[in-house]
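Student: I have a new structure open and would like to go through it with you, step by step. Could we start with the overall make-up and then work towards the side chains?

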Amino acid sequence: MVAADGAYSALATNCGMKWFRYNYQQIAVVSKITTEIPHFGRAFEKFTEHGPLAVLPMSNNFSFLIWCISNKQHKEVSIWNKKKFSQELQNTFGWKLGKILNIETRYFYDLWLTRAQSHISHRLALVGNAAQNLHPIAGQGFNLGLRDIVVLSKIITQALYRNIDIGDYSVLNTYQKHRYLDQYKTIKITDGLVRLFSNHYLPLIIARNVGLFFIKYSTFLQHLLVTTILNWKTD
Ligand SMILES: Cc1cc2nc3c(=O)[nH]c(=O)nc-3n(C[C@H](O)[C@H](O)[C@H](O)COP(=O)(O)OP(=O)(O)OC[C@H]3O[C@@H](n4cnc5c(N)ncnc54)[C@H](O)[C@@H]3O)c2cc1C
């Protein structure tokens, strides 16, 4: 059985799985927005003192907003009407996409890091959010879940070729072993970024701004960052 039913998977819970959980004390406000200037496929991310704000391109010139705020701001932000929300968003995001014309329904998500104690249980494999749930700061949760699926499919195919029971512990354990390093590294990078950008220690603020400046203007560093984060090596 494959548990692909999201964070705190009911399937895996019923099989006795436990998760490591860490509350970031942040809320992500997500919505579809329309802007005056077309996004032309560009994605934006801004690091604010309360958390990151990302505007990601979607089809039909919609953009997808992910605005991380602190738990303390949740109540205040949730009662803002569309006009007030739009003004505050415009002030924080700026004018890179011109005026914010429309904001659709807003949804609020508590942000947690969760990691299952194991990728497997008896005749069970966990994939995606059932195995790990990350902060959206680096947009890596879905990618990591896809890599779980790619690796699991390969291992199942190999077992079938060798006529081995695909639910056998040796097969599942191979899957678990192959996923450990990628999961560990991606969680470390993502969690490290959250901590780096929610730190208000002045020397660190200066260091990260200098870092971001160099990344902005160095194609070598951009390439290095993207290849490290995407990590498409799945075997
Ligand atoms: C605000 C936010 C922004 C994000 N941004 C990014 C990003 O930019 N890039 C990125 O890579 N990732 C991002 N992620 C993470 C990404 O959304 C998740 O990693 C991804 O959705 C995980 O997919 P999943 O299928 O494992 O789990 P889910 O998306 O939770 O899907 C699980 C599905 O299983 C269904 N289900 C549950 N129980 C059953 C059942 N018994 N029978 C049948 N179906 C069932 C649920 O209804 C649900 O549809 C973001 C997450 C959040 C919260």
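Student: Happy to begin. How many helices and strands does the chain have?

Tutor: Keep in mind that this is a predicted model. The secondary structure includes both kinds of element, with seven helices alongside 10 strands.

Student: What does the C-alpha trace span along its principal axes, and what share of the residues counts as buried?

Tutor: Along the principal axes, the C-alpha trace spans about 60 × 40 × 40 Å. The chain has 235 residues, and the share that counts as buried is 39%.

Student: What part of the contacts with a separation of 6 or more comes from residues 24 or more positions apart?

Tutor: Contact here means heavy atoms within 4.5 Å. Among contacts with a separation of 6 or more, the part from residues 24 or more positions apart is 67%.

Student: Which residues does UniProt list for the FAD-binding domain?

Tutor: The entry is unreviewed, and the label it gives is "domain: FAD-binding" for residues 2-179. In the model, that span is 30% helix and 34% strand, with its end C-alpha atoms 15 Å apart. The range listed in the UniProt record is residues 2-179.

Student: Let's go inside. Which elements each supply at least two residues of the largest nonpolar core?

Tutor: The largest nonpolar core has 17 residues, and Leu53, Val55, Leu65, Trp67, Phe85, Leu89 and Phe93 are those with the most contacts inside it. In general, nonpolar side chains tend to be buried together in soluble globular proteins. The elements that each supply at least two residues of this core are strand S2 (19-35), strand S4 (51-57), strand S5 (62-70), helix H3 (82-93) and strand S6 (100-103).

Student: How many residues are in the other core?

Tutor: Another core lies apart from the largest one, and Tyr24, Leu111, Leu113 and Leu144 are among its residues. Its number of residues is 14.

Student: Which residues does Leu53 touch, not counting those up to four places away in sequence?

Tutor: Leu53 is one of the residues with the most contacts inside the largest core. Not counting residues up to four places away, Leu53 touches Phe44, Glu45, Lys46, Thr48, Leu65, Ile66, Trp67, Leu89, Thr92 and Phe93.

Student: Now charges. Where do Asp165 and Arg123 lie, given that their side chains meet in a salt bridge?

Tutor: The structure holds six salt bridges. In one of them, Asp165 and Arg123 meet at 3.0 Å, N to O. The pair links distant parts of the chain, 42 residues apart: Asp165 is in the loop between H4 and helix H5 (169-197), and Arg123 is in the loop between strand S8 (120-121) and strand S9 (124-126).

Student: Why does Asp165 count as partly exposed?

Tutor: Partly exposed covers relative accessible areas between the 20% limit for buried and the 50% limit for exposed. Asp165 falls in that range because its relative accessible area is 39%.

Student: Are Arg195 and Asp191 buried, partly exposed or exposed?

Tutor: Arg195 and Asp191 form a salt bridge, with the closest N and O atoms 2.8 Å apart. They are four residues apart in helix H5, so about one helical turn separates them. At 42% relative accessible area Arg195 is partly exposed, whereas Asp191, at 15%, is buried.

Student: Which residues are joined into one network by salt bridges that share partners?

Tutor: Asp182 and Arg179 form a salt bridge, the closest N and O atoms being 2.8 Å apart. Both lie in helix H5, three residues apart, and both are buried. The residues joined into one network are Arg147, Asp148, Arg179 and Asp182.

Student: Is Asp148 buried or exposed?

Tutor: Asp148 lies in helix H4 (residues 141-161). Beyond its neighbours within four places in sequence, its contacts include His119, Gln132, Tyr175 and Arg179. With a relative accessible area of 0%, Asp148 is buried.

Student: Which residues form the nonpolar patch on the surface?

Tutor: One member, Phe213, is found in helix H6 (residues 202-217) and counts as partly exposed at 47% relative accessibility. Together the patch residues have about 660 Å² of accessible area, and they are Leu202, Ile206, Val210, Phe213, Phe214 and Tyr217.

Key: Residues numbered from 1 in each chain as written. Predicted model: local features only at pLDDT ≥ 70, side-chain atom pairs only at ≥ 80, totals over all residues. Heavy atoms only, no water. Patch = residues over 30% accessible without salt bridge, like charges linked within 9 Å, V, L, I, M, F, W, Y side chains within 5 Å. Areas by Shrake-Rupley, 256 points an atom, 1.4 Å probe, with all protein chains shown as cover. Salt bridge = Lys/Arg side-chain N within 4 Å of Asp/Glu carboxyl O. Buried < 20%, exposed > 50% of the residue type's maximum accessible area, 1.4 Å probe, protein only. UniProt positions renumbered as here; feature names shortened; annotations may be inferred. Core = buried A, V, L, I, M, F, W, Y, C linked by side-chain atoms within 4.5 Å.
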